[in-house]
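Opened the notebook again to look at how a few pieces pack. Here is what I pulled up.

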Amino acid sequence: MQLIKVCSIFFIICAWGSINTVHSTDNVELEVICTNSTLNKSIDKAAQIAYYKVQDYFDDFQQLGKITIKVVESDKEFYDYMGDGFPDWGVGVALPDENAIVMKSPDLYNYPHEFDEVLTHEMGHLLLHQKLNGADIPRWFDEGFAQMVSTSWSLQQMTTMTLAVWGNNIIPLDHLETVNQFDQAKAKLAYTESFSTVLYIYQKAGKTGFNKFLETIHLNSDFERGFYAATGYTIKKFSELWQNDIKNKYHWAFLINDPRFIYFIMLALFLLALVVKLIKKYKLKRELEETHYHSNYEPPLENGGPTIINPKKW
Ligand SMILES: [Zn+2]
């Protein structure tokens, strides 16, 4: 059987030697292998949190065998597991066939994201493959699910999608199969697109509908066939619908995300406030002048009033 390897832009590390088995409650068994004793405790805790966080997306999840988390301390050790074709920006990998996750040590490598987020991402890959039990999962769905369970949709993702829509740079879903060959910038867009796609499905279907969707794929033992049975759409048609949705959603969002637009709005509001202030000041001045004029005004008396004496005749 061909070894399935699912990479991510994240990772963790340690090394072989000490073995620390974590939790075996509720039929859950997680094993952490790490030679750095100072990391063991934090990785144990992160592994438990990651497992339950991902499991929460499933109904009636049944773990299939012990999950091993290996933390390595060298590139050589890491690439011994990865093999050829793994991108240099990768920091972790899920090995569904081995029920294992391999991470670079957070003590020795710079992580692009928090360690816990990376581990949860890889756990997402692993549990999804267990849930679908061997179905051939397309890369966009695999990465999108791992993103959805490990992070939240933020302004950063919105900006990435908005710029891609305006630049007409959206990558078709079927092109994401080769994400390992992308440079880091293109890979970032690919991961964000995958995230957007799976989130789109999850939000449309809800948790129960999403689980029925996964179950249908599992029963069909084929993602494309199961996808059609569950949604009534081919993946090609679905990809078109999703692209139309994001083009509508992120078309105008660009303006909101663009700092130049924000500065323009702030300047316009400042000028408007200044004009309003000047108008109020002018009106107040006019009112004061009117009041002053009326306070000095003496209306003429009836019957001609008093006789006015010409002071020049004094
Ligand atoms: Zn991944």
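Below are my notes on a helix pair, one residue in it, and a hairpin.

**Entry 1, helix pair.** Reminder to self: this is a predicted model. I looked up helix α4 (residues 139–150) against helix α6 (residues 184–220), and their axes come within 7 Å and cross at roughly 80°. That crossing falls in the 65 to 115 window, so α4 is roughly perpendicular to α6. Then I listed who meets whom. From α4 I get Trp140, Phe141, Glu143, Gly144, Phe145, Gln147 and Met148, and facing them in α6 are Tyr191, Ser194, Phe195, Thr197, Val198, Leu199 and Tyr202. Sorted by class, the contact has nine nonpolar, four polar and one charged residues.

**Entry 2, Met148.** Is Met148, in helix α4, buried or exposed? I found 24 C-beta neighbours inside 10 Å, so Met148 counts as buried. Leaving out residues up to four places away in sequence, Met148 touches Phe195, Val198, Leu199 and Tyr202. I also checked His121: it sits 27 residues from Met148 in sequence, with 8.3 Å between the two C-alphas.

**Entry 3, hairpin.** Next I went to strand β5 (residues 92–95), which is covered on both faces. Gly92 and Ala94 are buried on one side, Val93 and Leu95 on the other. I put that two-sided split down to a general rule: in a regular strand the side chains alternate between the two faces of the sheet. How does β5 pair with strand β6 (residues 100–104), and over how many bridges? They run antiparallel, with four bridges. One bridge joins Leu95 to Ala100 in β6. The two strands form a hairpin with four residues between them, and I noted a positive phi of about 55° at Asn99 in the turn.

Definitions and conventions. Residues numbered from 1 in each chain as written. Predicted model: local features only at pLDDT ≥ 70, side-chain atom pairs only at ≥ 80, totals over all residues. Axes fitted to C-alpha atoms, helices over the stretch in contact; angles between N-to-C directions. Parallel < 35°, antiparallel > 145°, perpendicular 65-115°, else oblique. Contact = placed C-beta atoms within 7 Å. Nonpolar A, V, L, I, M, F, W, Y, C, P; charged D, E, K, R; others polar. Buried ≥ 20, exposed ≤ 12 C-beta atoms within 10 Å, placed from the backbone. Pairing = 2+ DSSP bridges.
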